[in-house]
Amino acid sequence: MEKGIDKTYTEVCKTYFPRWNPWKYTYNPDWTGGWCNTEQKHIYLGRQPAGIKGALSPEAFIIHQVCHAVGNTGHGKCWQNRMLKAANRAKRDNPKLSGEITAHVQRYRLSPEWSCREEIQLLYQRIKNSFAGRYPASRSYDIEAVLEYHLHEMGIRKEWDKPLFERVMQRGREIAETQSRLR
Ligand SMILES: [Zn+2]
């Protein structure tokens, strides 16, 4: 993806979002996943997580993110419809990409945990599990580091969306506290 990403980004925007004025983007292979910051009007692209979402082609990955920019930040109807519109546009000249996008949207429809809200619920569940029974038994346990690890895994990064990051961190601290009281 490092190679030719500028070209891919420009082509994807021109072909699938012809009326959209492309936002700036930053690519960094040290990051995991992609993020679209609607406040900054900036798209952040990292390596794709190999795990839950499955790797996409660079084109489909960029289209996924741009659909957040032109649609909204979740993976609900608005985003899905914009994705399917791109799939439809790709049908004739790039049927493989078209099929890939359709399948990708389908997976969000079939697995509720893939919607944005559910994804965050899943994250809270993981945080809860990781603190259950451990705290405050080991006082040296670095709560902040554990939380940051989980957020990182979910692709929630401070430099991409500070308000969301802070909000989820705060909720994570509360979960850790609750676990300590339950002990
Ligand atoms: Zn997304």
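Angles under 35 degrees between axes count as roughly parallel, over 145 as roughly antiparallel, 65 to 115 as roughly perpendicular, and the rest as oblique. Keep that in mind for the helix pair later in this tour of a predicted model.

**The whole chain**

Start with everything shown as a cartoon. The protein chain has seven helices and three strands, and along the sequence these follow the pattern α-β-β-β-α-α-α-α-α-α. Now colour by burial: of the 183 residues, 26% are buried. If you draw a contact map, look away from the diagonal: among contacts with a separation of 6 or more, 49% link residues 24 or more positions apart.

**The sheet**

Next, select the three strands. They form an open sheet in the order 1-3-2, and the pairing is mixed. At the edges you will find strand 1 (24-32) and strand 2 (34-37), each paired on one side only. On average, neighbouring strands of this sheet are turned by 20° against each other, direction ignored.

Narrow the selection to strand 1 and strand 3 (residues 42-47). These two run parallel and are joined by five bridges. For a single example, pick Y27 and look across to strand 3, where its bridge partner is L45.

**Helix 2 over the strands**

Keep the sheet on screen and add helix 2, residues 58-70. This helix lies across strand 2 and strand 3, and runs at about 20° to strand 2.

**Helix 2 against helix 3**

Now hide the sheet and bring in helix 3, residues 77-90. How do the axes of helix 2 and helix 3 cross? They come within 9 Å of each other, at roughly 130°. That angle falls between 115 and 145, so helix 2 and helix 3 are oblique to each other. Turn the view to look through one helix at the other, and you can follow a right-handed crossing.

Show side chains to see which residues meet here. From helix 2, select I63, C67, H68 and V70; from helix 3, select W79, R82, M83 and A86. By class, this contact has six nonpolar residues, one polar and one charged.

**A last stop at N81**

Stay on helix 3 and centre on N81. Why does N81 count as partly exposed? It has 13 C-beta neighbours inside 10 Å, whereas 12 or fewer would make a residue exposed and 20 or more would make it buried. Finally, draw a distance from the C-alpha atom of N81 to that of V105: the two residues are 24 apart along the chain, and these atoms are separated by 9.0 Å.

Note on methods: Residues are numbered from 1 along each chain as its sequence is written. This is a predicted model: local features need pLDDT of at least 70, side-chain atom pairs count only at pLDDT 80 or more; totals for chains, interfaces and linings use all residues. Two strands pair if DSSP finds at least two bridges between them. Helices (H or I, at least four residues) and strands (E, at least two) are DSSP runs, numbered from the N terminus. Axes are lines fitted to C-alpha atoms, for helices over the stretch in contact, and angles run from 0 to 180 degrees between N-to-C directions. Two residues are in contact if their C-beta atoms, placed from the backbone, lie within 7 Å. A crossing is left-handed if the near helix is turned anticlockwise from the far one by less than a right angle, and right-handed if clockwise. Ala, Val, Leu, Ile, Met, Phe, Trp, Tyr, Cys and Pro count as nonpolar, Asp, Glu, Lys and Arg as charged, and the others, Gly among them, as polar.
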